[in-house]
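Colleague: I should like to go through this model with you, beginning at the ligand and ending with the domains. May I put my questions one at a time?

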Amino acid sequence: MSAKPPFAHVAIIGLGLIGSSIARAVRDAMPDVKLSGFDADATARATARNLGLADAIADSAADAVVEADLVIFCVPVGAMGKAAADLRSGLKAEALISDVGSSKANVLAELQAALPDHAIIPAHPVAGTERSGPEAGFATLFQNRWCILTPPEGAQSDHVDRLTRFWQMLGANVDLMDPQHHDLVLAVTSHLPHLIAYTIVGTASDLESVTRSEVIKYSAGGFRDFTRIAASDPTMWRDVFLSNKDAVLEMLQRFSEDLTALQRAIRWGDGDALFDLFTRTRAIRRSIIEEGQDDARPDFGRSPS
Ligand code: NAP
């Protein structure tokens with residue numbers, strides 16, 4: 001017998017990659033749970049209706065949440081405060097508020113300012129792709145991925161327990177973290193790599209002495225992986241860098257110092273320094289594969305051969 005769902009009615013605000021994936025995963029894992037949704041984009045709402053993503057796709061955020069006992073904001077982090085203020089009038093007093101934003105301290109502050117009387121437990125499923133929109137989602141996105149909850153001080157343990165069970169039923173492993181610590185960890189594991197990818201692809205496309213067609217024609221595996229990351233949604237990532245400014249700048253400073261050290265090692269022919277670093281980084285890759293967080297096949301199993 002499957003476990004009883006921790007919420008009877010879930011409302012999803014923002015029906016893009018993450019929101020639509022949650023809707024699909026809820027349908028699969030908790031078929032009796034009522035689902036409602038809203039997206040600011042009328043085309044996304046129409047697509048969500050055609051895909052049958054929820055029992056009801058409302059034309060206003062307040063209408064989408066009237067029955068909900070869990071409301072999840074799945075909008076860009078810069079839009080969280082406005083999205084929350086827009087639906088305040090429709091919320092049940094006991095509805096639990098959560099989100100999926102990629103930065104946490106700032107989002108918590110925005111949600112608390114917009115909904116001061118509601119219980120708020122922010123969350124971040126560390127799962128995604130470079131695609132956007134309701135058609136990009138899929139039900140298995142969260143399987144065996146981490147979802148980090150960042151409950152504010154004084155959060156009720158019952159709320160944390162129910163949200164933990166919700167994400168576990170969607171297939172995720174759940175961890176609890178302080179919002180500031182989350183922001184520092186994700187700055188180095190996710191935000192900085194995106195910034196580097198955007199920079200490298202931008203640099204290559206700006207080189208006067210190398211044509212754009214050469215960049216595309218001779219793109220080696222390393223560059224191709226960067227282009228995949230650099231194809232990520234511009235709105236989402238603009239907001240992440242503005243919202244997690246302090247942690248990203250701190251990590252960027254550390255990165256610049258390490259890059260300068262590598263530059264020096266190359267200039268002075270210090271092969272041992274290069275070899276030592278590359279050996280250490282290889283071990284990290286092995287650990288990620290051992291923990292089931294990536295594919296061990298060459299090229300992540302993407303090559304046709
Ligand atoms: P997405 O595919 O672009 O979907 C976001 C949707 O929210 C868009 O349809 C957008 O409409 C809509 N929206 C914007 N403002 C709104 C508002 N005020 N009210 C209602 N809907 C609104 O984005 P996503 O990739 O699902 O990302 C959603 C959130 O998940 C972000 O906070 C992101 O940081 C987080 N996240 C993303 C990933 C990932 O890999 N993509 C992973 C983990 C967490 P418009 O297009 O008209 O703006």
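Modeller: Certainly; please bear in mind that the model is predicted.

Colleague: Which residues come nearest to the ligand?

Modeller: The ligand is surrounded by 27 residues. By class, this shell holds 16 nonpolar, 9 polar and 2 charged residues. Those that come nearest are Ile18, Asp39, Val75, Ser102 and Gly133.

Colleague: What distance separates an oxygen atom of the ligand from a polar backbone atom of valine 75?

Modeller: Several backbone atoms approach the ligand. A polar backbone atom of isoleucine 18 is 2.8 Å from a ligand oxygen, and a backbone N or O atom of alanine 40 lies 3.1 Å from a ligand nitrogen. For valine 75, the distance from a polar backbone atom to an oxygen of the ligand is 2.6 Å.

Colleague: How much of the ligand's accessible area does the protein cover?

Modeller: On its own, the ligand has 900 Å² of accessible area. The share of this area covered by the protein is 83%.

Colleague: Which elements give two or more residues to the shell around the ligand?

Modeller: Two helices and one strand meet that condition. They are α1 (17–29), α4 (80–87) and β7 (123–125).

Colleague: Is serine 20 buried or exposed?

Modeller: Serine 20 is found in helix α1, and its contacts beyond four places in sequence are Leu15, Leu53, Gly133, Pro134 and Gly137. A polar atom of its side chain lies 3.5 Å from the backbone oxygen of leucine 17 and one lies 3.1 Å from that of proline 134. Because its relative accessible area is 0%, and under 20% counts as buried, serine 20 is buried.

Colleague: With which side chain does the side chain of histidine 194 make a polar contact?

Modeller: Histidine 194 lies in helix α7, residues 179–206. With a relative accessible area of 14%, histidine 194 is buried. Leaving aside neighbours within four places in sequence, histidine 194 is in contact with Ile229, Ser232, Trp237 and Phe241. The polar contact, at 3.5 Å, is with the side chain of serine 232.

Colleague: How far apart do the C-alpha centres of domain 1 and domain 2 lie?

Modeller: The chain is divided into domain 1 (9–177) and domain 2 (182–292). Across the boundary, 17 residues of domain 1 are in contact with 15 residues of domain 2. The distance between the C-alpha centres of the two domains is 30 Å.

Methods. Residues numbered from 1 in each chain as written. Predicted model: local features only at pLDDT ≥ 70, side-chain atom pairs only at ≥ 80, totals over all residues. Heavy atoms only, no water. Near = heavy atom within 4 Å. Polar contact = N/O pair within 3.5 Å; in protein donor to acceptor, adjacent residues only side chain to side chain. Areas by Shrake-Rupley, 256 points an atom, 1.4 Å probe, with all protein chains shown as cover. Helix = DSSP H or I, 4+ residues; strand = E, 2+ residues; numbered from the N terminus. Nonpolar A, V, L, I, M, F, W, Y, C, P; charged D, E, K, R; others polar. Buried < 20%, exposed > 50% of the residue type's maximum accessible area, 1.4 Å probe, protein only. Contact = heavy atoms within 4.5 Å. Domains from an automatic or database assignment.
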